[in-house]
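Subject: Structure handover

Hello,

Here is the structure we spoke of handing over, with notes on the findings below it. Please read the notes with the coordinates open.

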Amino acid sequence: GVQAATFEYDPDPGKNAWTTKAPMPIPRDQAPAAVLDGEIVVAGGSTNCHCMARSETERYTPPPVLSIDKNDHVSVYRPGDILTYTITIKNPGPVSIAGAQVTDTPLSLASLTDVTWCRGQGCTRTTPGLLNDTLDIAAGETALYTLRARVRPEATGDIINDACVQFSGNAVCSLLD
């Protein structure tokens, strides 16, 4: 039927539902839609029970989406060990994202010393301290960060941290322990 709203499916396991987005300027049904250069293009259609044909074409650019993943390949650290892990950020598109903020905050910072990070594949120039970087990432690109720290001799318990990327009012995080 004729709808005055656009809808978007959110596959997040916590939501797993359709959510209402911004209303369409012209409610319509039986309108063909296609993706063209990263935009959803809706052409024609009709209103009022197929009685009024529409000739307008509308374009909609979906909001950007980034993903973040962390991997350390080790499940147990002992005092004195060097902890090394990677953070991978992917931009599947359809648009480039400028000014994304990438952070990594160890929740057990008191258990670590000599914290450094670097950006890029096989990076050699490190930056001391916690990760806090501004990232411009093109559609289809992947950004890689490598973090290193030494586990303090007096450390006990789990080492837990939270890496996040914030962009366009959204935040995506990955918890690691």
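The notes below go through the core, a small sheet, a loop residue, the salt bridges and the disulfides. Please keep in mind throughout that this is a predicted model.

Nonpolar core

The largest nonpolar core has 26 residues. Within this core, the residues with the most contacts are L66, I87, I89, L135, Y145 and V165. Two or more core residues come from each of strand 9 (82-90), strand 10 (97-106), strand 11 (112-119), strand 13 (131-137), strand 14 (142-151) and strand 15 (161-167). Strand 14 gives the largest share, five residues.

I89 is a convenient place to start looking at the packing. Residues up to four places away in sequence aside, I89 touches L66, S67, I68, V102, L135, I137, E141, T142, A143, Y145 and V165. Among these partners, L66, L135, Y145 and V165 also appear in the list of core residues with the most contacts.

Three-stranded sheet

One open sheet consists of three strands in the order 3-4-7, with antiparallel pairing. Its edges are strand 3 (33-36) and strand 7 (57-60), each of which pairs on one side only. From one strand to the next, the twist averages 25 degrees. As background, the strands of a sheet pair through backbone hydrogen bonds, in either a parallel or an antiparallel manner.

For the pairing of strand 3 with strand 4 (residues 39-43), there are four bridges, and the two strands run antiparallel. To find the register in the viewer, take A34, which stands opposite V41 in strand 4.

A buried loop residue

S111 sits in the loop between strand 10 and strand 11. Is S111 buried or exposed? S111 counts as buried, because its relative accessibility is 11%, below the 20% cut-off. Which residues is S111 in contact with, leaving aside its neighbours within four places in sequence? They are R150, V151, R152, A155, T156 and I159. One of these, R150, comes up again below as a salt-bridge partner.

Salt bridges

How many salt bridges does a search of the whole structure find? The search finds three.

- R54 and E56: the closest N and O atoms are 3.1 Å apart. R54 is partly exposed at a relative accessible area of 24%, and E56 is also partly exposed, at 28%.

- R150 and D114: the side chains meet at 3.9 Å, N to O. Since R150 lies in strand 14 and D114 in strand 11, the pair ties together parts that are 36 residues apart in sequence. R150 has a relative accessible area of 34% and is partly exposed, whereas D114, at 53%, counts as exposed. The N to O distance of 3.9 Å is worth setting against the cut-off of 4 Å.

- R119 and D133: the side chains meet at 2.8 Å, N to O. This pair ties together parts that are 14 residues apart in sequence, because R119 lies in strand 11 and D133 in strand 13. R119 is partly exposed, with a relative accessible area of 40%, while D133 counts as buried at 14%.

Strand 11 thus holds D114 as well as R119, and strand 11 is also among the strands that give two or more residues to the core.

Disulfides

The count of disulfides is two. For reference, a disulfide is a covalent bond between the sulfur atoms of two cysteines. With bonded cysteines counted along the chain, the pattern is 1-2, 3-4.

- C118 and C123: the sulfur atoms are 1.9 Å apart. The link is right-handed, with 50 degrees about the S-S bond. C118 is buried, with a relative accessible area of 5%, but C123 is partly exposed at 22%.

- C164 and C173: the sulfur atoms are 2.0 Å apart. The torsion about the S-S bond is about 110 degrees, so this disulfide is right-handed. C164 counts as buried at 9% relative accessibility, and C173 is partly exposed with a relative accessible area of 43%.

Each disulfide therefore joins a buried cysteine to a partly exposed one: C118 to C123, and C164 to C173.

Regards

Methods:
Residues numbered from 1 in each chain as written. Predicted model: local features only at pLDDT ≥ 70, side-chain atom pairs only at ≥ 80, totals over all residues. Heavy atoms only, no water. Core = buried A, V, L, I, M, F, W, Y, C linked by side-chain atoms within 4.5 Å. Buried < 20%, exposed > 50% of the residue type's maximum accessible area, 1.4 Å probe, protein only. Contact = heavy atoms within 4.5 Å. Pairing = 2+ DSSP bridges. Axes fitted to C-alpha atoms, helices over the stretch in contact; angles between N-to-C directions. Disulfide = S-S within 2.5 Å.
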